[in-house]
Amino acid sequence: MNDHPSSSSQTPRVNPLWGGRFSAGPAQAMEQINASIDFDKRLYAQDIAGSKAHCAMLVAKEIISRQDGEAISSGLDAIQREIENGTFVFEHALEDIHMNIESRLAERIGDAAGRLHTARSRNDQVATDLRLWLRDAIDSIDASTKDLQRSLLARAEDHVATVMPGFTHLQVAQPVTFGHHIMAYVEMFGRDRERFADCRKRVNVSPLGAGALAGTSFPIDRAMTAKELGFSSACANSMDGVSDRDFVVEFLSGAAICISHMARLAEEIVLWSSDQFGFVSLAEEFTTGSSIMPQKRNPDGAELVRGKSGRVIGALVSLFVAMKALPLTYAKDMQEDKEPLFDSVDSLSLCIQVVTGMIESMTINTDRMAAAAEAGYSTATDLADWLVRSLGLPFREAHGIVGRVVRLAEERGCSLADLPLDDVRQIEPRLSSAAFDVLRVEDAVASRTSFGGTAPERVREAIAAARARYL
């Protein structure tokens, strides 16, 4: 029995765009690992835009005829319509979006299609496509993050004076306002937007015309194609142009930081919405039920945001590993840049939508927050500050005195404000009834008037400044 297939139907067909170098097609496993069309087809609009700009430049420089240029341009427009209306057939044997489009263009317009690839390579083509796609993705993420900031600012403004406990080590530390707490995330997401904006400057450089790695002998105009595609400039070195993926790594780094901020907020929402905290109630639209416990309403939206941070951080690590030791210039390892990038953009964009929805729709339980702020001796630092201001004690001495007062309150099972003055004077005879005025949570919050502090007047100023800076 002959174990070797001989039927022509079993022989993988040679990719027609490889030219005459190959006489046999790839093994099935090779075709599967080599093909990227399943994921890079989402670059179709950018690929067509880059091809049209390249075509227009070739015509302008008289490298191809105007007649061929018009046929190519109209053919690309028709292919874009086919893709968008779902009639385009993507073929694995053609590997990627570039070859799929070029092959279809040849079917539509004939030999003129072959002139489109003059003075370019798939190496500079894919680098151009990816930069165009990522530039659009950054703009979209910036807009949605701005909307998230707007939602946070609105909630902060509604709760400028809503008292809640502030935590360190997840232990009650000092009282703050909910508005002040939420404003911390406004600042975090502001930094994220700044990082993305800075990254965009380095994304917005055109590799088109770099060729496979060495440039081209044709008299092309790289400045023309860069301008046509909205790039700020063309890359200065052809080898760097085709092999650079720093812009993807940089974006993924910013995305990892951004989604870690969302994960922190999501974790707080999980805690705040628990029965033990009860600070917020999540809308049903962002919670799920239990298959066995009918009373449950789980904060799955927040938990999934928290979980997806691992995907984005993992994407950053995976690309770092793929790129860490590649010699110049292009190697097929770099095909591994797209799936983690696409997945990270999708995950980040979805998480921003979910977090924005949760913030806008959740109910703030102000009474529970206020009651929690009264617990845990959260105004102990204010009493220490009073001793420093009123009695001139060194802060460390005042800290020790208040520590003993707190221990007394713990032994009595009461708040600091409920301790008898005479008993407190056994610890520090110079304490007066005026010291107890600082133990009210609202007064403690109002006293934090330093720049960036939690006093309501400062929070209002911070909200106004953030609106001017970010919106």
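How much space lies in the second largest pocket? About 320 Å³. Keep in mind that this is a predicted model. Here's a quick tour of its pockets, its cavities, one strand hairpin and one helix pair.

**Largest pocket**
- The largest pocket holds about 440 Å³ of space.
- Its lining takes in 19 residues, and the ones lying nearest the centre are Gly166, Phe167, His181, Tyr185 and Glu268.
- Four elements each give two or more residues to that lining: β1 (163–168), β2 (171–177), α7 (178–203) and α10 (246–272).
- Sorted by class, the lining of the largest pocket comes out as ten nonpolar, six polar and three charged residues.

**Second largest pocket**
- Here 15 residues do the lining, with Ser273, Ser274, Asp275, Arg297 and Asn298 nearest the centre.
- Polar residues number eight in the lining of the second largest pocket, next to four nonpolar and three charged ones.

**The β1/β2 hairpin**
- β1 and β2, which both help line the largest pocket, run antiparallel and are joined by six bridges.
- Phe167, one of the residues nearest the centre of the largest pocket, stands opposite Val172 in β2.
- Two residues sit between the strands of this hairpin, and His169 takes a positive phi near 60 degrees there.

**Helix pair α10 and α11**
- α10, another contributor to the lining of the largest pocket, packs against α11 (residues 300–323) at an angle of about 160 degrees, with the two axes 8 Å apart.
- Angles over 145 degrees count as roughly antiparallel, so that's the label α10 and α11 get.
- The crossing of α10 past α11 is left-handed.
- As for what makes up the contact of α10 with α11, you'll find 19 nonpolar residues, two polar and four charged.

**Cavities**
- If you're after enclosed space, the structure has two cavities of 30 Å³ or more.
- The second largest cavity has a volume of about 40 Å³.
- Its lining is made up of Leu383, Val405, Leu416, Leu419, Val424, Leu431, Ala435, Phe436 and Leu439.
- That gives nine nonpolar residues around the second largest cavity, with no polar and no charged ones.

Definitions and conventions. Residues are numbered from 1 along each chain as its sequence is written. This is a predicted model: local features need pLDDT of at least 70, side-chain atom pairs count only at pLDDT 80 or more; totals for chains, interfaces and linings use all residues. Side-chain values use heavy atoms; hydrogens and water are left out. On a 1 Å grid over the protein atoms alone, a cavity is a set of points where a 1.4 Å probe fits but cannot get out, and a pocket is an open set with protein on both sides within 12 Å along at least five of seven lines; lining residues have an atom within 4 Å of a point. Grid points are joined across faces, edges and corners, and a volume is the space filled by probe spheres set on the points. Ala, Val, Leu, Ile, Met, Phe, Trp, Tyr, Cys and Pro count as nonpolar, Asp, Glu, Lys and Arg as charged, and the others, Gly among them, as polar. Axes are lines fitted to C-alpha atoms, for helices over the stretch in contact, and angles run from 0 to 180 degrees between N-to-C directions. Angles under 35 degrees count as roughly parallel, over 145 as roughly antiparallel, 65 to 115 as roughly perpendicular and the rest as oblique. A crossing is left-handed if the near helix is turned anticlockwise from the far one by less than a right angle, and right-handed if clockwise. Two strands pair if DSSP finds at least two bridges between them.
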